[in-house]
Amino acid sequence: MFYLKATFKWLNSRLGFFFLLTILIWAKSMLAYFVDFNLGIESGFQYFILLVNPFATTILLLSIALYVRKPKTSYVIMFLIYLALSVLIYSNASYYREFTDFMTINTILNSGAVSSGLGESALRLLRVHDLLYVIDLVIIPILLFTKVIKVDKKPIRARVALAFSILGALIFSANLSLAEADRPQLLGRTFSRDYIVKYLGLNFFMAYDGYQTYQTNQVRAEASPNDLVEVEDYVKEHYAAPSDDMFGIAKGRNVIYIHLESFQQFLIDYKLTDENGTEHEVTPFLNSLFHDNQTFAFDNFFHQVNAGKTSDAETLMENSFFGLNQGVLFPTLGGSNTFEAAPNILNQVAGYSSAVFHGNAGTFWNRNETYKRLGFQNFFDASYYDVNAENSFQYGLHDKPFFQQSVQYLEHLQQPFYTKFIAVSNHYPYSQFENDEAGFPIATTEDETINGYFATANYLDAAVSEFFAYLKASGLYDNSVIVLYGDHYGISDGRTTELASLLGKNPDTWTNYDVAQLQRVPYMIHVPGQTNGGINHTYGGQVDALPTLLHLLGVDTTNYIQLGQDLFSPDHDQIVAYRKNNYFFTPNYTYYDNILYDNTTGQPATKEQEESQEITDIKEKVAKQLEISDRLVNGDLLRFYTDSGLEPINAEDFNYKDQLDQLEEIEETKGTFSTSLYSQNGNKSTSDLYQTKTYKEYHEESTESTSATSATTESSTTEK
């Protein structure tokens with residue numbers, strides 16, 4: 001009882017309340033560090049730094065309230081600062097569970113652009129221990145209101161408040177010195193965000209990120225045409241001339257991009273074993289495409305996205321440069337920057353029309369503004385579809401009705417056209433078909449996210465199969481090149497251990513090398529009529545997609561600012577830069593989570609390998625490509641570029657309302673010269689050619705084709 005009274009007496013002083021809040025912030029930080037984050041602690045010294053780093057900035061920030069002489073005001077300010085720090089910790093803990101990264105200033109500022117449809121996903125990220133992050137935010141006000149904790153009316157002397165501010169600064173200086181001792185030039189060189197948090201804490205990371213964000217904004221304001229010179233020099237030196245055998249093989253064809261949401265390469269040819277030991281092919285149709293000799297398929301193709309995920313993939317595929325190092329390009333710069341993207345190039349060079357189809361709100365990720373500046377003439381968002389509770393979920397229309405309803409607009413586009421279909425059903429949280437709606441078995445790991453992933457992938461596969469059948473029935477298939485790509489990982493890094501056993505791996509020996517290999521995503525270029533396709537083992541990434549496609553279409557890219565290289569070019573260097581932390585993938589090495597691995601063994605490389613000139617050169621090339629991309633984007637340098645010969649885009653020329661009326665008006669104006677499918681079909685719709693199947697029908701059909709697919713696997717494989 002004596003100790004309890006002494007404790008409350010201590011809490012009834014302002015400094016006692018100050019120390020209580022400091023200790024609680026430290027405890028919450030430890031909960032996040034050791035339970036929700038994966039900071040890669042490698043030594044006892046790093047553990048010590050981790051235990052110390054929350055104190056400095058917490059004391060420094062809370063000490064602000066000590067300067068306020070009015071008692072109640074001082075307590076209110078102290079608690080509000082405490083509340084902000086608590087929200088910061090919990091928000092990052094929740095964000096990290098899905099993105100394996102920390103929130104940045106741009107992420108917070110742009111949260112409104114991605115707020116649509118995130119409710120269910122946010123709920124699935126909740127954990128029981130989350131109560132420890134927030135329960136005190138209710139208890140402390142109650143204790144103050146009921147006067148269990150009394151407000152100390154004695155003012156704190158200014159010199160005492162100053163002493164605590166100095167104490168916070170001194171602790172930070174000591175913390176920084178210890179961090180620099182263990183990781184020299186921590187702030188002077190480009191290390192990962194994990195390092196900043198591990199060594200200096202979340203509060204400092206937010207301040208540091210704010211400073212970097214300010215600097216980035218200043219870059220655009222201060223950019224000039226002279227800044228473009230280094231970019232142009234890099235592009236010329238990095239350019240990979242097209243292969244004579246491949247250049248122009250798809251000239252004049254329609255381009256149909258199919259966006260495979262959250263689809264990883266390991267799903268190709270994967271069979272899920274159910275409780276009875278029966279194997280089920282997850283993606284039978286995509287497997288058949290992958291092994292088709294009309295398909296140029298790449299099995300070492302990596303996503304290169306960062307926080308923007310899907311929109312970052314679009315940035316890469318459409319422009320051949322990267323998304324932002326911090327934040328997301330679409331909502332921050334998409335509505336203001338200058339682009340020379342695929343739809344604009346093909347329109348001005350080869351007379352292509354263009355459209356994006358997406359069964360979600362047009363404002364999601366600021367697409368309705370960004371697409372205009374990319375040069376997309378049409379954007380059919382959720383407002384153009386019949387979306388209801390039965391055929392959709394929080395991220396939009398399910399894939400089968402999405403593709404089926406899209407053809408009523410597709411058939412009115414003038415050919416040749418450049419189109420993109422963004423399928424969303426295979427999106428986290430993969431619970432869309434938990435009730436066996438799709439008919440595919442649910443996996444039985446301890447992670448519900450992984451369990452549903454295979455069913456949603458199977459549903460996507462069926463939807464793509466139906467769309468291909470329509471393309472063939474309508475006559476569009478033979479005059480099109482169909483590109484299918486995965487945008488980013490589906491199973492985040494922190495969940496992959498549960499995936500290990502399903503992939504025939506031992507969870508106990510699962511390493512970050514295994515995690516790194518899962519960053520592969522499909523990339524398939526299907527060219528009907530070609531017979532020299534096959535599986536290409538070339539290493540490449542999403543930044544390489546645009547020059548590859550343009551060369552296949554017979555478009556000379558020497559005058560465009562593109563940071564990728566044609567995957568078919570003999571000059572392609574096979575160095576894949578990963579947006580996060582300058583990681584990379586090559587045929588011989590994998591650099592991931594700050595560890596260099598030898599691909600031949602899957603084990604960490606030797607010291608001699610790490611220090612070799614080869615690795616030094618690769619790291620320099622990766623850093624250079626990402627640096628050039630950041631300069632190009634942050635400075636909006638394409639506004640100064642004129643050598644491409646492209647006319648600048650005026651976003652006001654595009655109107656995404658009443659688009660079907662606009663397309664029909666174009667058909668009427670062109671009359672007999674109209675090249676739309678609708679016009680060529682005698683002004684009759686082809687929508688009735690679209691056929692859907694039940695899961696049972698699709699399953700029986702795909703089972704019959706499995707043996708044929710297996711028979712062609714070896715004969716269709718080629719190596720570079």
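How many aromatic pairs does a search of the whole structure find? In this predicted model, the search returns 61 aromatic pairs. One of the residues involved in aromatic packing, Phe 421, belongs to strand E9, and the sheet that contains E9 is therefore described below, after the pair itself.

A pair of aromatic rings is described by the distance of the centres and the angle of the planes. For Phe 402 and Phe 421, the ring centres are 6.3 Å apart and the planes meet at 70°; because planes over 60 degrees apart count as edge-to-face, the pair is assigned to that class. The contact links distant parts of the chain, with Phe 402 in helix H18 (residues 399–410) and Phe 421 in strand E9, 19 residues apart. Phe 402 has a relative accessible area of 1% and is buried; Phe 421, at 0% relative accessibility, likewise counts as buried. Both residues belong to one aromatic cluster, which is formed by Phe 357, Phe 380, Tyr 384, Tyr 385, Phe 402, Phe 403, Tyr 409, Phe 421 and Phe 467.

Strand E9 is part of an open sheet of eight strands with mixed pairing, in the order E6-E5-E9-E1-E10-E11-E4-E12. The edges are occupied by strand E6 (378–380) and strand E12 (534–541), each of which pairs on one side only. From one strand to the next, the twist averages 15°. Helix H14 (residues 310–319) packs on this sheet and touches E1, E9, strand E10 (480–486) and strand E11 (523–526); the direction of H14 makes about 160° with that of E9.

Within the sheet, strand E1 (residues 254–260) and strand E9 (residues 417–422) run parallel and are joined by five bridges. His 259 has Ile 422 of E9 as its bridge partner. Strand E4 (residues 295–302) is mostly covered, with eight of its eight residues buried. Toward E11, strand E4 runs antiparallel and is joined by four bridges, and Ala 297 stands opposite Met 524 in E11. Toward E12, the pairing of E4 is parallel and comprises six bridges; here Phe 301 stands opposite Gly 540 in E12.

Aromatic rings also occur beneath lysine side chains. Lys 472 lies over the face of Tyr 477, at 5.0 Å from the ring centre. A further arrangement of this kind involves Lys 619, which lies over the face of Tyr 591 at 4.8 Å from the ring centre.

Notes:
Residues numbered from 1 in each chain as written. Predicted model: local features only at pLDDT ≥ 70, side-chain atom pairs only at ≥ 80, totals over all residues. Heavy atoms only, no water. Pairing = 2+ DSSP bridges. Helix = DSSP H or I, 4+ residues; strand = E, 2+ residues; numbered from the N terminus. Axes fitted to C-alpha atoms, helices over the stretch in contact; angles between N-to-C directions. Contact = heavy atoms within 4.5 Å. Phe/Tyr/Trp six-rings, centres within 6.5 Å; stacked < 30°, edge-to-face > 60°. Buried < 20%, exposed > 50% of the residue type's maximum accessible area, 1.4 Å probe, protein only. Lys NZ or Arg CZ within 6 Å of the ring centre and 35° of its normal.
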